[in-house]
Amino acid sequence: MEVKYKMKFTHYDYKCIYYAPSNNPKKKYDSKFFIASNRAEINLGLEYHTSSISIYTEDKEFEHFKLGVDFSPPGSLLNGRCEDRLFLNFILKGKGRVNGVPFSAGQFYYTIPLQTHTVETDQDDPFVSAWIAINGTYAQHVVNELNKKSSQRLMSLEHRADILKLTKIFIYEINLGETSISYLKSIIDIYLSYIVPNSSPQPPEWVGTEKAAQLIRESRNYVRKNLKSVTVADLAEVQHYNVKYFSRVFTEAMGMKPLEYITNCRMEWAKNSLTHSNLSIPEIMEAIGYDHRNGFTTAFKKKYGCPPAEYRRKTKRTSS
């Protein structure tokens, strides 16, 4: 039977999460401004710099538990940060660096208690992250689980759009202060399930399933509808995976890399247009996203054995 511990629950929405240089010559920094509010007063249409919940308990496993979303200011720098808790960071959008190592949307990293770290936000594409902070003995259990996934502290995420939705539900709709320690553990388990190693010699377990078949169907439809501009990054974004993981799943399921598939679709469209339309070669190139004729000719010749103009002449003679 689980022991019920008293929990102290607080909800914070920080308008500014970093200290700003002070105009007062006697002060180096001005204090950060924040609003502590209950959920009924939160305007869900606003995106604060930080929105989070904080739970203190009497349990040594979870002395302090925090869950939040950060909208990091462009070009911000947290230099030499050292905290007494484990931080799990799920990067949902944008780019940054942790201890000099770059990260981007669809990745996960964590920092160990009492170890100094530096976090930088990209100036042009600042990152958005969901995060969990754990102060207590349970933090070591979480680190052990992460080590089972990978020895690296930077890993990949799947279904990152779901992570943001889930985090907002926990922040705004569920009073976690009225739950239990086991419930907090189950929340962490859910978040850990979204983390995948950066690489693995084995294909994902669901390759060959209906889930994989749906991914392929949706990806093929997207390519067909966006043939001119589609990229592999676009396909991964639509499926809520990072590019590396999506490419691995697609390749295992289709037997070719996604970029190869996109190129094949473009060449197939070009071939049909050369055969059945009066579109000029520059018009065909424009329709499928080729800016340079040399690149288009090389790709077409590799696929069909001759340049586009020659292919048109041959097919026109055959049909006449």
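Two strands are taken as paired where DSSP finds at least two bridges between them. The legends below describe close-up views of a predicted model.

**View A. Strand S8 pairs with strand S13 and is joined by bridges to strand S11.**
Strand S8 spans residues 86-93 and strand S13 residues 128-135. The two strands run antiparallel and pair over seven bridges. Within this pairing, Leu86 faces Ile134 of S13. Strand S11, formed by residues 107-111, is connected to S8 through four bridges, again in the antiparallel sense. Here Asn89 stands opposite Tyr109 of S11. Seven of the eight residues of S8 are buried, and the strand is therefore largely enclosed by the rest of the structure.

**View B. Phe87 and Trp131 form an aromatic pair between strands S8 and S13.**
The model contains 17 aromatic pairs in total. In the one shown here, the ring centres of Phe87 and Trp131 are 5.8 Å apart and the planes make an angle of 45°, a tilted arrangement. Because Phe87 belongs to S8 and Trp131 to S13, the pair ties together parts that lie 44 residues apart in sequence. Both partners are buried: the relative accessible area of Phe87 is 13%, and that of Trp131 is 6%.

**View C. Phe170 and Tyr191 form a tilted aromatic pair between helices H2 and H3.**
For Phe170 and Tyr191, the centre-to-centre distance is 6.4 Å and the angle between the planes is 40°. Phe170 lies in helix H2 (residues 160-172) and Tyr191 in helix H3 (residues 181-192), so this pair ties together parts 21 residues apart in sequence. Phe170 and Tyr191 are both buried. The two residues also belong to a cluster linked by ring pairs, whose other members are Phe90, Phe108 and Tyr110.

**View D. Arg312 of helix H10 is buried and has a polar atom by the backbone oxygen of Leu279 at 2.8 Å.**
Arg312 is located in helix H10, which covers residues 308-319. Although buried, Arg312 takes part in no salt bridge. Glu283 carries the nearest side chain of opposite charge, at a distance of 7.4 Å, whereas a salt bridge would require a side-chain nitrogen within 4 Å of a carboxyl oxygen. A polar atom of the Arg312 side chain is instead found 2.8 Å from the backbone oxygen of Leu279. With neighbours within four places in sequence left aside, the residues in contact with Arg312 are Ser273, Leu274, Ser277, Asn278, Leu279, Ser280 and Ile284.

**View E. Ser277 occupies the loop between helices H7 and H8 and is in contact with Arg312.**
The loop that holds Ser277 connects helix H7 (258-276) with helix H8 (281-287). A polar atom of the Ser277 side chain lies 3.3 Å from the backbone nitrogen of Leu279. Leu279 thus appears in two of these views, since its backbone oxygen is 2.8 Å from a polar side-chain atom of Arg312. Beyond its neighbours within four places in sequence, Ser277 is in contact with Asn272, Arg312 and Lys316.

**View F. Arg160 and Glu237 form a salt bridge between helices H2 and H5.**
Seven salt bridges are counted in the model. In the bridge of Arg160 with Glu237, the closest N and O atoms are 2.3 Å apart. Arg160 is part of helix H2 and Glu237 of helix H5 (residues 232-238), so the bridge ties together parts 77 residues apart in sequence. Arg160 is buried, at 8% relative accessibility, whereas Glu237 is partly exposed, at 45%.

**View G. Asp84 forms a salt bridge with Arg85, and Glu310 forms one with Lys314.**
The side chains of Asp84 and Arg85 meet with an N to O distance of 3.0 Å. Asp84 is partly exposed at 41% relative accessibility, while Arg85 is buried at 18%. In the second bridge, the closest N and O atoms of Lys314 and Glu310 are 3.2 Å apart. Both of these residues lie in helix H10, four residues apart, or about one turn of the helix. Each is partly exposed, with relative accessibility of 36% for Lys314 and 28% for Glu310. Helix H10 also holds Arg312, which is buried and has no salt bridge.

Terms used: Residues numbered from 1 in each chain as written. Predicted model: local features only at pLDDT ≥ 70, side-chain atom pairs only at ≥ 80, totals over all residues. Heavy atoms only, no water. Buried < 20%, exposed > 50% of the residue type's maximum accessible area, 1.4 Å probe, protein only. Lys, Arg positive; Asp, Glu negative; His and termini not counted. Polar contact = N/O pair within 3.5 Å; in protein donor to acceptor, adjacent residues only side chain to side chain. Contact = heavy atoms within 4.5 Å. Phe/Tyr/Trp six-rings, centres within 6.5 Å; stacked < 30°, edge-to-face > 60°.
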